[in-house]
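Reader: I should be grateful for a close look at one part of this model, namely the open sheet, followed by what packs on the sheet and by the surroundings of the ligand. Please state the cut-offs behind each term.

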Amino acid sequence: MKIIIPGDVLWILRKLNEAGHEAYVVGGCVRDSLLGRTPNDWDITTSAEPMEVKALFRRTIDTGLQHGTVTVMNHGTGYEVTTYRVDGDYSDHRRPESVIFSKNLADDLMRRDFTINAMAYHPEQGLVDLYDGMKDMEEHVIRTVGEPDARFDEDALRILRAVRFAAQLGFSIEAATRAAIRNHVDDLAHVSVERIETELTKLICSPHPEEMEELYDLGITARILPEFDRMMETPQNTPYHYTDVGHHTIAVMQHVSPTKVMRYAALLHDVGKPVCRATDAAGVDHFKKHPIVGEPIAREILKRLKLDNKTIENACRLVLWHDFGLKGDLTEAGFRRGMSKMGIEHFPEYLEIRKADTAGQSDYRQAEKQEVLDHVIRMYEKTLEEKAPLVIRDLAAGGQDLKTLGVPAGPVMGQVLQHLLDFVLTEPARNTKEQLLRETENFLKQLARQEEGNSGE
Ligand code: ATP
Ligand code: MG
């Protein structure tokens, strides 16, 4: 068993060894290397205490001295070097009250969450695997180090980490570990939203977003995302669907690319459906307006989970627009009006979610759905080709031109520009300065007449 360690990391290990300290690469990087995956980062565990580590390297950052972590900078990359440690008592289900530094690697491996994360490696001494991590890795199993109940009791975040690793690696959670998770789901209330979001996002962006179902089965979403449980419990008795909202959602997640925006948008695109469900006399379900109803719900969820604003904006836009053009009766002007509001630069993401949404539905009328989609794509291409004006700054006449016609700055100017935009959205060929100025004159007359009418009442 040989792991290829980057030169910079080898150099850190050697320097620690030469000073008489033990040092190993440990955790995620060992696991990922053995699985043939590229490690995210290389972590080092050592018998040296933080001050000893700092003394050995020229550039270091005090990342978490009280927990034993010093970041060593080498060629612009940071490597976390952490002293062997034993975690003290956990009284709040999330953080040890104190940590005690140790001189034994075994102590340090014992505090780690899962067997596959508890292996250390040294280029000369080889693999240190005290908890059969290698065996669990070969059997594709997530298993806690030590007694599962005690480990989840210490830190409830491990509950989410277990499912996250299952989703990233395509592994399953070992039975006793799974049973212990069920016993401790309520303790998730003690875990900070930031830590929950980190794990949930990794799970959602993994190759197996269908592990959302595992989160539901284990009672985890009930604690952190109860809206998902409502989706799992909302049937869709319509010929267009073969499954409930939750399972359809999972299918859509599987069909979009693994980015935060696309995966969260897919997760929440139908979040309005449980509220909007109406069953007609024939027993068929309808979900009218669910994108409009769902958008603010999605926004609230993403804010609650403390996602960054950019992700929230982009995902919510897709929730709101995901059914645009669905009916197939969209005219070119209607398409341009939609793009004017949505922003045509977001069309590729919209298309991706539309395609995934269709792929996650029943075979009923699939050919028709494809035709509708092709029609929308053709309109998109045409709109781009003819450089159709879609927003106020595309207008051939601007504020200065309108001022010379006597349009005062302020709300009237806004009203005129909006009117002109509407005028060219109907017919892009109207976007010439001459036509816009003429239309402005018409519109001003119309406004004046309205004004007269109002004052005459
Ligand atoms: P990733 O690929 O996401 O970086 P990772 O396994 O490296 O995965 P990290 O969160 O970077 O995960 O943690 C590094 C190591 O620290 C883990 O492999 C594990 O040994 C240990 N660890 C991290 N979080 C916990 C925890 N909550 N409880 C116990 N051990 C943990
Ligand atoms: Mg890591």
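Author: The account below takes the sheet strand by strand and then turns to the ligand and to one buried residue.

This is a predicted model, in which local features need pLDDT of at least 70 and side-chain atom pairs count only at pLDDT 80 or more, whereas totals for chains, interfaces and linings use all residues. Residues are numbered from 1 along each chain as its sequence is written, chains are lettered from A and ligands numbered from 1 in the order in which they are written, and side-chain values use heavy atoms, with hydrogens and water left out.

The sheet is open and consists of 7 strands in the order E3-E4-E5-E2-E1-E8-E9, with mixed pairing. Strands and helices are DSSP runs numbered from the N terminus, a strand (E) having at least two residues and a helix (H or I) at least four; two strands pair if DSSP finds at least two bridges between them. E3 and E9 (126-128) stand at the edges with a single partner strand each, so one side of each has no neighbour in the sheet. On average, neighbouring strands of this sheet are turned by 35° against each other, direction ignored. Axes here are lines fitted to C-alpha atoms, for helices over the stretch in contact, and angles between N-to-C directions run from 0 to 180 degrees.

Strand E3 (residues 60-64) is joined to E4 by 3 bridges, and the two run antiparallel. Within this pair, Ile 61 stands opposite Thr 71 of E4. The two strands form a hairpin with 4 residues between them, and Gly 68 in the turn has a positive phi of about 90°.

In E4 (residues 69-74), 6 of the 6 residues are buried, so the strand is largely enclosed by the rest of the structure. Buried means under 20% relative accessible area, exposed over 50%, and partly exposed in between, with a 1.4 Å probe and protein chains only. In a regular strand the side chains alternate between the two faces of the sheet. In E4, Thr 69, Thr 71 and Met 73 point one way, while Val 70, Val 72 and Asn 74 point the other way.

On to E5 (residues 77-83): this strand pairs with E4 in the antiparallel sense over 6 bridges, and Tyr 79 is the bridge partner of Val 72. The hairpin of E4 and E5 has 2 residues between the strands, and His 75 takes a positive phi near 50° there.

E5 and E2 pair in the parallel sense over 3 bridges, with Thr 45 opposite Thr 82 of E5.

E2 (residues 43-46) and E1 (residues 23-26) are antiparallel over 4 bridges. In E2, Asp 43 is the bridge partner of Val 26 and Thr 46 that of Ala 23. From E1, Ala 23 and Val 25 point one way and Tyr 24 and Val 26 the other way, and all are buried. E1 also pairs with E8 (residues 120-122) in the antiparallel sense, over 2 bridges. Tyr 121 is the bridge partner of Val 25 in E8, and Val 26 stands opposite Ala 120 of E8.

Helix H1 (residues 7-18) packs on this sheet and touches E1, E2, E4, E5 and E8, its direction making about 145° with that of E1. Contact means heavy atoms within 4.5 Å.

The surroundings of ligand 1 come next. Of the 16 residues around ligand 1, Arg 31, Asp 155, Arg 158, Arg 164 and Lys 202 come nearest; a residue counts as near if one of its heavy atoms lies within 4 Å. Helices H2 (28-34) and H7 (157-169) each supply at least two residues of this shell, and the largest share, 4 residues, comes from H7.

A polar contact is a pair of N or O atoms within 3.5 Å; within protein, one must be able to donate a hydrogen and the other to accept it, and residues adjacent in sequence count only if both atoms are side-chain atoms. A polar side-chain atom of Asp 155 lies 2.9 Å from a nitrogen atom of ligand 1. Oxygen atoms of ligand 1 are 3.1 Å from a side-chain N or O atom of Arg 161 and 2.8 Å from one of Arg 164. The protein covers 82% of the 580 Å² of accessible area that ligand 1 has on its own, by the Shrake-Rupley method with a 1.4 Å probe; for residues, only the protein chains shown count as cover.

Arg 161 also has a polar contact of 2.7 Å, side chain to side chain, with Asp 113. Asp 113 is placed in the loop between helix H4 (105-110) and E8 and is buried, with a relative accessible area of 9%. A further polar contact, of 3.0 Å, joins the side chains of Asp 113 and Asn 117. Leaving aside neighbours within four places in sequence, the residues in contact with Asp 113 include Arg 158, Arg 161 and Phe 165.
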